[in-house]
Every structure is written in C-alpha cells, then in structure tokens.
Amino acid sequence: MKIAVCDDEPVYRQVLTERILREGIAGGYETSITEYADGNALLAAVDRDGGADVYFLDIETDAGPDDGIRTARELRRRRDRGLIVYVTGFMEYMQTGYEVKAFRYLLKNQIDRDLGQVLLDIRRELTEEDCFSFQRNKETVCVKLRDILYLESDRRLVHIKCRQGQESFYGSLDKVEEELAEKGFLRCHKSYLVNRDRVKSFSGEQVVLEEGTVLPVSRAYCKKVKRELTLYFSR
C-alpha cells in the first residue's frame with residue numbers, strides 16, 4: 001500500500017508514519033510511506049512519480065489554512081483516485097471535504113485510538129477496488145484499473161502500460177475493450193485502449209496522457225473519442 005503523509009509539523013508526520021508502520025507489521029501487510037511538508041511538495045511528487053493509494057492530508061499547514069483542501073482539489077482535478085484521509089486538530093474541519101470525496105477524518109489527538117480502524121477500512125476499500133485480471137503461466141494476475149495508463153495490442157500480445165511498469169499477456173484487445181468499455185477505457189486506435197482518467201489533453205490526431213505519453217487517434221475512432229472526452233472533461 002503506497003501512502004503519502006502531508007503535514008507541516010515533523011512531529012505529527014513522524015507519529016503518523018510510525019503508527020501506520022506499526023499497524024502494517026501487526027496486520028501483516030506492507031506499506032510504503034513518503035512524507036511531505038506541504039501540498040505543493042506532494043503535488044510535485046505526484047506529477048513526477050505518480051500518485052499514492054492513500055493520502056493523509058493535514059488541512060491547515062504553513063502553506064495556508066486550507067492547504068489540505070486545496071491539495072485534495074488538485075489531486076481530483078488530476079483525476080487521481082487515491083483515498084483521502086483528512087488529519088486535523090480541529091473539530092470544525094470535520095465537515096469539509098465532500099467535494100473531493102474524502103474517505104475519512106482523523107483527529108490528531110485521537111490517532112492512537114482511531115488509526116487502526118481507519119487503516120482497516122482503507123484496506124477493505126482497496127481490496128474491493130476494480131481490477132483487470134488475466135491469466136499468465138497458469139496464474140491469475142490482477143492490475144488495478146486506476147494504475148493503468150493504456151493497453152497496447154502487439155500481434156497476439158496485449159501490453160498493459162502502467163506508470164510503475166508493464167504487464168503483458170496473450171489475448172485480444174477487442175475482448176479487453178468489451179470488458180473495460182463501461183469502466184472508463186476508450187478505444188482511440190486499433191492498437192490502443194486508453195484509460196480516460198489518465199488523458200490530459202486531446203486533439204484530432206492524438207491524446208496526451210498525464211505523464212506525457214502521446215497516443216495516436218485514428219480516423220475510425222476520432223469522432224467517438226472527441227465526443228466522449230468532451231463530455232468527460234465538461235463534468
């Protein structure tokens with residue numbers, strides 16, 4: 001589980017990180033935690049290295065009284081689907097976050113009491129998350145849909161391109177399209193199926209993904225791609 005902790009107070013960052021690691025050891029699951037002092041640093045890392053599964057965001061930092069809210073808005077604007085947990089020392093902030101679909105709230109003076117349950121809820125939510133499954137060497141491999149940038153057909157192989165790397169299997173892109181069409185994946189070319197959430201911009205001949213990859217749009221799919229992306233970005 002990839003986790004980002006964002007708080008301007010080193011003491012609280014350390015406390016939260018240590019508690020999360022302790023819960024992970026007790027629960028028998030791995031965690032990778034990166035700490036940030038403010039939202040700008042976190043967003044720069046997301047743009048550079050990709051997002052996290054979970055963001056623990058302090059609402060009020062030295063960068064501003066609503067830094068955590070602004071950061072969450074930017075994450076959602078980037079189509080990031082990571083779970084957001086607001087960490088705050090003030091009860092009055094507990095009602096914020098509806099627009100960014102905050103997953104949970106955690107009061108700083110109740111971390112010891114409540115963090116275990118929050119992490120349990122997070123694990124359940126991530127376990128139930130949509131995945132794409134395929135068979136390889138007699139085993140089932142699952143890839144989270146939100147991690148996929150696009151899929152590419154290469155003769156009998158289908159390559160799943162993720163920010164973190166690539167998975168490949170023998171199959172048909174047509175069949176994959178049938179399975180994923182209702183889950184936000186859009187055919188833009190006979191050889192490419194793109195994750196709509198990862199599209200940054202679109203022109204008549206290409207789509208540009210958030211990390212810079214450029215995919216061609218063929219004439220056969222141009223009108224459909226333009227229509228669907230126009231509707232999507234107008235939401």
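This passage walks through a predicted model of a single chain, from its overall build to its sheets and then to its empty spaces.

A good place to begin is the chain as a whole. Its secondary structure comes to six helices and 15 strands. The radius of gyration is 20 Å, close to the 18 Å that the globule rule gives for 235 residues, so the chain is as compact as a globular protein of that length. Along the principal axes, the C-alpha trace spans about 55 × 40 × 25 Å.

Turning to the sheets, the early part of the chain contributes to an open sheet of five strands. Reading across this sheet, the order is E2-E1-E3-E4-E5, and the pairing is parallel. Strand E2 (32–36) and strand E5 (104–107) are the edge strands, each of which pairs on one side only. Direction ignored, neighbouring strands in this sheet are turned by 20° against each other on average. Within the sheet, E3 and strand E4 (residues 83–88) are joined in the parallel sense over five bridges. A helpful pair to find in the structure is Asp58 and Val87, since Asp58 stands opposite Val87 in E4. Helix H2 lies across E1, E2 and E3, and runs at about 155° to E1.

Further along the chain comes a hairpin. Strand E6 (residues 131–136) and strand E7 (residues 139–144) run antiparallel and are joined by six bridges. Across this pairing, Ser133 stands opposite Cys142 in E7. Two residues lie between the strands of the hairpin, and Asn137 in the turn has a positive phi of about 50°.

Another open sheet is built from three strands. Its order is E13-E14-E15, and here the pairing is antiparallel. Strand E13 (199–202) and strand E15 (214–216) stand at the edges with a single partner strand each, so one side of each is left without a neighbour in the sheet. On average, and with direction ignored, neighbouring strands of this sheet are turned by 25° against each other. Strand E14 (residues 206–209) pairs with E15 in the antiparallel sense over three bridges, and Val207 stands opposite Leu215 in E15. Helix H6 (residues 219–233) packs on this sheet, where it touches E13 and E14; the direction of H6 makes about 120° with that of E13.

The empty spaces in the model complete the picture. Rolling a probe the size of a water molecule over the atoms shows where empty space is left. The count comes to one cavity of 30 Å³ or more, and about 50 Å³ of space lies in the largest cavity. Its lining is made up of Val5, Cys6, Asp7, Tyr12, Arg13, Leu16, Phe56, Asp58, Val87, Lys108 and Ile111. Strand E1 (2–6), helix H1 (10–27) and strand E3 (54–58) are the elements that give two or more residues to this lining. The largest share, three residues, comes from H1. By character, the lining residues of the largest cavity divide into seven nonpolar, no polar and four charged. Asp58 and Val87, already met as opposite partners in the parallel sheet, are both among the residues that line the largest cavity.

Attention then moves to the second largest pocket, which holds about 550 Å³ of space. It is lined by 23 residues, of which Val46, Arg78, Arg163, Arg198 and Glu210 lie nearest its centre. Helix H2 (39–49) and E13 each supply at least two residues of the lining of this pocket. H2 is the helix that lies across E1, E2 and E3, while E13 is one of the edge strands of the three-stranded sheet. The residues of the lining of the second largest pocket divide into four nonpolar, three polar and 16 charged.

Note on methods. Residues numbered from 1 in each chain as written. Predicted model: local features only at pLDDT ≥ 70, side-chain atom pairs only at ≥ 80, totals over all residues. Heavy atoms only, no water. Pairing = 2+ DSSP bridges. Helix = DSSP H or I, 4+ residues; strand = E, 2+ residues; numbered from the N terminus. Axes fitted to C-alpha atoms, helices over the stretch in contact; angles between N-to-C directions. Contact = heavy atoms within 4.5 Å. 1 Å grid on protein atoms, 1.4 Å probe; cavity = no way out; pocket = protein on both sides within 12 Å on 5 of 7 lines; lining within 4 Å. Points joined across faces, edges and corners; volume = space filled by probe spheres on them. Nonpolar A, V, L, I, M, F, W, Y, C, P; charged D, E, K, R; others polar. Rg over C-alpha atoms; globule rule 2.2 N^0.38 Å.
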